[in-house]
Amino acid sequence: APRSLEYTLKQIDKNLLGPYETTGKKKDGTEFPMEVRVRLMDYHGIKVRVGAIRDISDRKHKEELLRDIIQKYQTLFETAINAILLMEGPVVIDCNAETLNIFGVENKEDLVGHSILSFSPEKQPDGARSFDRALEYIDLTMNDSPQRFQWKHTRMDGSPFDAEVCLNPLKMEDRTFIQAY
């Protein structure tokens, strides 16, 4: 791996201590990804550089698998024929392409960061205020009770449409989000 040697020597010349990644070559000639860390030390009054090299083949393999998994789920999300939204309370934090189509918006920024209530009429067909009813459904969902209900929404141009809405709590790390579809 001559290029990797040149790269490593340049990093050393720049006094970059790392960590940085490059490619190494084993005794049998096979190349492998490695992480290099260098420390400046004093050795009997002389400044020296001491380096440590770590084979990161396993980590690189796991990173590649993770990228593949993320790509698969992103593809499932984006190509679904149903609208899918991820919300934090009533605020949309992500959505798929079909959501944009159904709500008649051009791009995600028209929905993301906005309350889903801005795409509802003031009242639902039964006379209930959309704001109050939506908060009830959101509260129930956040308390681990998935919801399924009929809802009147409005598109960006103000035209109404009927939807069957499902809300599921989605726990990630120490936060609870709502998956709506």
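**Close-up 1. Glu63 and its salt-bridge partners in helix α2 of the predicted model.** With a relative accessibility of 28%, E63 counts as partly exposed, since this value falls between the 20% limit for buried residues and the 50% limit for exposed ones. The side chain of E63 meets that of R59 in a salt bridge with an N to O distance of 3.3 Å, and both residues lie in helix α2, 4 residues apart, which corresponds to about one turn of the helix. E63 also meets the side chain of K60 in a salt bridge, here at 3.7 Å from N to O; because K60 and E63 are 3 residues apart in helix α2, about one helical turn separates them. K60 is partly exposed as well, its relative accessible area being 27%. Through shared partners, salt bridges join E63, K60 and R59 with E21, E35, R37 and R54 into one network.

**Close-up 2. The salt bridge between R59 and E35.** Side chains of opposite charge can pair when their charged atoms come close. The closest N and O atoms of R59 and E35 are 3.5 Å apart, and the pair links distant parts of the chain, with R59 in helix α2 (residues 57-79) and E35 in strand β2 (residues 31-43), 24 residues apart. R59 counts as partly exposed at 28% relative accessibility, whereas E35, at 9%, counts as buried. In total, the structure holds 16 salt bridges.

**Close-up 3. The stacked rings of Y137 and F149.** The structure holds 5 aromatic pairs, one of which is formed by Y137 and F149: their ring centres are 3.7 Å apart and their planes stand at 0°, so the pair is stacked. Because Y137 lies in helix α4 (residues 130-142) and F149 in strand β6 (residues 147-154), this pair ties together parts that are 12 residues apart in sequence. Both Y137 and F149 are buried.

**Close-up 4. The edge-to-face pair of Y137 and W151.** Y137 also forms an aromatic pair with W151, in which the centre-to-centre distance is 6.3 Å and the angle between the planes is 75°, an edge-to-face arrangement. Since Y137 belongs to helix α4 and W151 to strand β6, the pair ties together parts that are 14 residues apart in sequence. Both Y137 and W151 are buried.

**Close-up 5. A cluster of phenylalanine rings.** Ring pairs link F103, F119 and F161 into a cluster.

Key. Residues are numbered from 1 along each chain as its sequence is written. This is a predicted model: local features need pLDDT of at least 70, side-chain atom pairs count only at pLDDT 80 or more; totals for chains, interfaces and linings use all residues. Side-chain values use heavy atoms; hydrogens and water are left out. Rings of Phe, Tyr and Trp (its six-membered ring) pair if their centres lie within 6.5 Å; planes under 30 degrees apart count as stacked, over 60 as edge-to-face and the rest as tilted. Helices (H or I, at least four residues) and strands (E, at least two) are DSSP runs, numbered from the N terminus. Buried means under 20% relative accessible area, exposed over 50%, partly exposed in between (1.4 Å probe, protein chains only). A salt bridge is a side-chain nitrogen of Lys or Arg within 4 Å of a carboxyl oxygen of Asp or Glu.
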